[in-house]
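Biologist: I should like to learn how charged side chains and strand pairing are read from a set of coordinates. Might we work through one example together?

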Amino acid sequence: HSQTSTDGGQTWSSLTMIDDGEEADLAVSHGVFLSHAGTLWAFHGAFYRRLEKVHTRAYTYDSTAKRWQKKGVVAESGFWPMQEPHKMENGDWIMAGLKVVGGVGGLNDPAAVVISKGDDFTTWEVIEIPRQEGLGLWGESTIDVEGSHITCISRKHEPKALVAHSNDYGRTWSPMKPSNLPMAASKPYAGRLSNGQRYLVNTTTANSGNRRSPLTIAVSQPGEASYSKVFCIRNAVFPQGQGESHPKAALSYPYAIERAGRVYIAYSNDGGRGANRNSAELAIIPLDQLNTP
């Protein structure tokens, strides 16, 4: 399903169906969105039975009829998108995600990207990112794009951010390996602000371990490559604000976008229930509150 807001995220429409998985044993799960050339696209991970034959399906939104149109399977080989496509300087688009090979609980699910042929969003080439020897992961990943140089940040089963680099528009990669950044084993989301700051949303505190709280945003100095300051977006217990407050709340699966001087961060909150029984929350942060000294 999807929902829309016409007042900056304060109120939301009723649910609109994207896909109900009409085929036998087909599940269509969470995905990413891209507005391009006047068309809203959605790219969703899908699979049969329990994470078998994982692939990506695409949809476009018909704003006149107010319904989604199916574009079919656009990426196979186990690819599940975790971040919206980014256009590169060479004219192709790149989208970060993971390649599901071993399934939930396994150690053989590497980070991956898919690359388009120009503006054709109906066919994507899957490129698996190599790993340091012996490194097992559930490779939900995010990318930062700077010319031909692409940085990929992935989660691991342990609380440590993994990093790989490409210098040829995502075609070949250095092996994915642990960085010096603590990060919960949860899907990361990275990007670049209009003022030149890089950012990463996850739980990146030194003492949280694999607990998915507090939700944080790490930022760099404008134009710098390294994160230099971490801001807390919200804690698990959050009585002073809206949203569910619980000591065991998991704040995860963030997505972010900057618009009109604000950073909008959408994420899930399980309210301590576990098992992905989540509500959706939205944090709106004025851009100037993310300044570094």
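Modeller: Let us begin with a network. Asp144, Glu146, Arg192 and Arg198 are linked to one another by salt bridges. Please bear in mind that this is a predicted model.

Biologist: What is the general idea behind such a link, and how many salt bridges does a search of the whole structure find?

Modeller: Side chains of opposite charge can pair when their charged atoms come close. A search of the whole structure yields 15 salt bridges.

Biologist: Which residue forms a salt bridge with arginine 234, and how far apart are the closest N and O atoms?

Modeller: The partner of arginine 234 is glutamate 281, with the closest N and O atoms 2.8 Å apart. This pair links distant parts of the chain: arginine 234 belongs to strand β19 (residues 227–234) and glutamate 281 to strand β22 (residues 279–286), 47 residues apart.

Biologist: Is arginine 234 buried or exposed?

Modeller: The cut-off for buried is under 20% relative accessible area. Arginine 234 has 2%, and therefore counts as buried. Glutamate 281 has 10%, so this residue is buried as well.

Biologist: Which residue pairs with aspartate 119 in a salt bridge?

Modeller: Aspartate 119 forms a salt bridge with lysine 87, and the closest N and O atoms are 3.6 Å apart. Here too distant parts of the chain are linked: aspartate 119 is in the loop between β9 (111–117) and β10 (120–128), while lysine 87 is in strand β6 (residues 86–87), 32 residues apart. Aspartate 119 is partly exposed at 43% relative accessibility, and lysine 87 is partly exposed at 44%.

Biologist: What does the salt bridge between glutamate 128 and lysine 99 tie together?

Modeller: Glutamate 128 is in strand β10 and lysine 99 in strand β7 (residues 93–99), so their pairing ties together parts 29 residues apart in sequence. The closest N and O atoms of this pair are 3.2 Å apart. Glutamate 128 counts as partly exposed, at 36% relative accessibility.

Biologist: Turning to strand pairing, in what order do the four strands of the open sheet stand?

Modeller: The order is β1-β2-β3-β4, with antiparallel pairing. At the edges stand β1 (26–36) and β4 (67–75); each has a single partner strand, so one side of each lacks a neighbour in the sheet. On average, neighbouring strands of this sheet are turned by 25 degrees against each other, direction ignored.

Biologist: How many bridges join β2 and β3?

Modeller: Strand β2 (residues 39–48) and strand β3 (residues 52–62) pair over seven bridges in the antiparallel sense. Alanine 42 stands opposite tyrosine 59 in β3.

Methods: Residues are numbered from 1 along each chain as its sequence is written. This is a predicted model: local features need pLDDT of at least 70, side-chain atom pairs count only at pLDDT 80 or more; totals for chains, interfaces and linings use all residues. Side-chain values use heavy atoms; hydrogens and water are left out. Two strands pair if DSSP finds at least two bridges between them. Helices (H or I, at least four residues) and strands (E, at least two) are DSSP runs, numbered from the N terminus. Axes are lines fitted to C-alpha atoms, for helices over the stretch in contact, and angles run from 0 to 180 degrees between N-to-C directions. A salt bridge is a side-chain nitrogen of Lys or Arg within 4 Å of a carboxyl oxygen of Asp or Glu. Buried means under 20% relative accessible area, exposed over 50%, partly exposed in between (1.4 Å probe, protein chains only).
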